[in-house]
Amino acid sequence: MRPVSATIDLSALRHNLAVAQRCAPRSKAFAVIKANAYGHGLLRAARALSEADGFAVVELEGAVRLREAGYAERVLLLEGFFEPRELATLVQYKLSTVVHSPEQLDMLDALPAGSDLDVLLKINTGMNRLGLQPSHAGDALARLEGHPGVGQITVMTHFANADAPEGLGEQLAIFDAAAGRKYPRSLANSAAVLRYPESHADWIRPGIMLYGCSPFPGGVAADVGLEPAMTLASEIIAVRELAPGDAVGYGSLFVAERLTRVGVVACGYADGYPRHAPTGTPVLVGATLTRTLGRVSMDMLCVDLTAVPDARVGTRVVLWGEGNPVERVAESAGTVGYELLCALAPRVRVIEKS
Ligand SMILES: *Cc1c(COP(=O)(O)O)cnc(C)c1O
């Protein structure tokens, strides 16, 4: 069997949710499990995160799967619906929906009276992606209030820079001015959960932190008490020695300056490892943190074994996860942990660890 696998640590997921809940003890929590739970598996993550008060996804099929698996908690669609005919599914499965645009508000005209649809009205406070302009919030809320098919109403927004030095900036003040305090509020992503208690409000929306990845640039999970939930591991499947001047991999990007022991690892970009990771990206071989060499190919990548004399075919390699933070690998590849976790490929065998 090809040795690449992703171990998903269910107790780490539970632990990380408990961290979020301890940060925001008076708030309820939507566990954000969009994008196949950031690569961890939708239903697997939902099972581990069953202490959450609700779940948030962007995929309607995912929301329906949660209901069909028996989850009765609030299930929120973060982008809402895209066409009026989806409303019947929302009502049938008692799904909660974001309403972020005038077009969606108009589509709600098709919603029958008595539908009791749970709506989270999203207000744009500076992210300028989704959300009604603050000046339109009052009218929209009045319209929702007057709609005989709408049930509970919550107001929400999303922060652009909660992970950065800019922080919440004016967004919280703009939100408060537009949304008032009449309705329950939902604002905080992981970074805001960890850093800005004033943003916790009624429902937090932690995502990345649940998976044991720091939302902060330069940070790692352990800094904020989180445990990595995914470990992508494989093995060395060949060992060779490069003489000075020998190159390795496509494009001959790495050329040995001295005698270099190289391990070939069964993991490549078709497994979800980033092709853009350059020579020097951290990789754990046995118990030693070393570096990748040359270009990542579809099924394989190469690692420097010069400082790992006992490594041989069969030695375990951690591409990211326990002992090799995904944040550091992402940094080296010019991206963020989010992207690496989400990109875990379907062909990678998943091992659950409880
Ligand atoms: C994805 C998402 C979140 C979770 O963000 P993290 O940074 O992963 O915590 C929260 N709210 C909305 C609207 C989202 O789309």
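**Ser190**

I began with the side chain of Ser190, which in this predicted model reaches the backbone nitrogen of Gly207 at 3.1 Å. I placed Ser190 in helix H9, which covers residues 190–195, and I noted that Ser190 is buried, with a relative accessible area of 3%. Setting aside the neighbours within four places in sequence, I listed the contacts of Ser190 as Arg205, Pro206, Gly207, Ile208, Met209 and Pro215.

**The ligand**

I then asked which residues come nearest to the ligand. There are 13 residues around the ligand, and I wrote down Lys34, Tyr38, Ser190, Ile208 and Tyr338 as the ones that come nearest. Ser190 and Ile208 are both in that group, and I had already recorded Ile208 among the contacts of Ser190.

For polar atoms I looked up three side chains in turn. A polar side-chain atom of Tyr38 lies 2.6 Å from an oxygen atom of the ligand, and an N or O atom in the side chain of Tyr338 is 2.6 Å from an oxygen atom of the ligand. With Arg205 the partner is a nitrogen atom of the ligand, at 2.9 Å from a polar side-chain atom of the residue. I also noted how far the ligand is enclosed: on its own the ligand has 390 Å² of accessible area, and the protein covers 92% of it.

**Tyr38 and its ring partners**

Since Tyr38 had come up at the ligand, I looked at its backbone and found a phi near 50°, which is a positive value in a residue other than glycine. Tyr38 belongs to helix H2, residues 34–38, and it is buried, with a relative accessible area of 6%.

I next asked how many aromatic pairs there are, and the count comes to 5. The one I examined joins Tyr38 and Tyr211, whose ring centres are 4.6 Å apart and whose planes stand at 25°, so I entered the pair as stacked, the cut-off for that being under 30 degrees. Tyr38 lies in helix H2, whereas Tyr211 lies in the loop between strand S9 (203–204) and strand S10 (230–242), so this pair ties together parts of the chain that are 173 residues apart in sequence. Both tyrosines are buried. Ring pairs link Tyr38, Tyr211 and Tyr338 into a cluster, and I noted again that Tyr38 and Tyr338 are among the residues that come nearest to the ligand.

**A second positive phi: Ser252**

I also looked up Ser252, where phi is near 45°, again a positive value in a residue other than glycine. Ser252 sits in the loop between strand S11 (247–248) and strand S12 (254–255). With a relative accessible area of 41%, Ser252 is partly exposed, whereas Tyr38 is buried.

**Helix H8**

In helix H8, residues 171–179, I listed the buried residues as Gln171, Leu172, Phe175, Ala178 and Ala179. Seen down the axis of H8 these fall within an arc of 135°, so they line one face of the helix. I kept in mind that an α-helix has 3.6 residues a turn, so residues three or four places apart point the same way. What covers the buried residues of H8? I found that the cover includes helix H7 (134–146), strand S7 (150–156) and strand S8 (185–186). After H8 comes Gly180, with a positive phi near 65°.

**Glu83**

I turned to Glu83, which is in the loop between strand S4 (74–77) and helix H5 (86–92). At 30% relative accessibility Glu83 counts as partly exposed. Its side chain makes a polar contact with the side chain of Arg85, at 3.1 Å. The C-alpha atoms of Glu83 and Met107 are separated by 7.3 Å, although these two residues are 24 residues apart along the chain.

**The whole chain**

I closed with the totals. The protein chain has 11 helices and 18 strands, and its C-alpha trace spans about 75 × 40 × 35 Å along its principal axes. Of its 354 residues, 55% count as buried. Among the contacts with a separation of 6 or more, 65% come from residues 24 or more positions apart. The accessible surface of the chain comes to about 15100 Å², and 52% of it belongs to carbon and sulfur atoms.

Terms used:
Residues numbered from 1 in each chain as written. Predicted model: local features only at pLDDT ≥ 70, side-chain atom pairs only at ≥ 80, totals over all residues. Heavy atoms only, no water. Buried < 20%, exposed > 50% of the residue type's maximum accessible area, 1.4 Å probe, protein only. Helix = DSSP H or I, 4+ residues; strand = E, 2+ residues; numbered from the N terminus. Arc of directions from axis to C-beta. Contact = heavy atoms within 4.5 Å. Polar contact = N/O pair within 3.5 Å; in protein donor to acceptor, adjacent residues only side chain to side chain. Near = heavy atom within 4 Å. Areas by Shrake-Rupley, 256 points an atom, 1.4 Å probe, with all protein chains shown as cover. Phe/Tyr/Trp six-rings, centres within 6.5 Å; stacked < 30°, edge-to-face > 60°.
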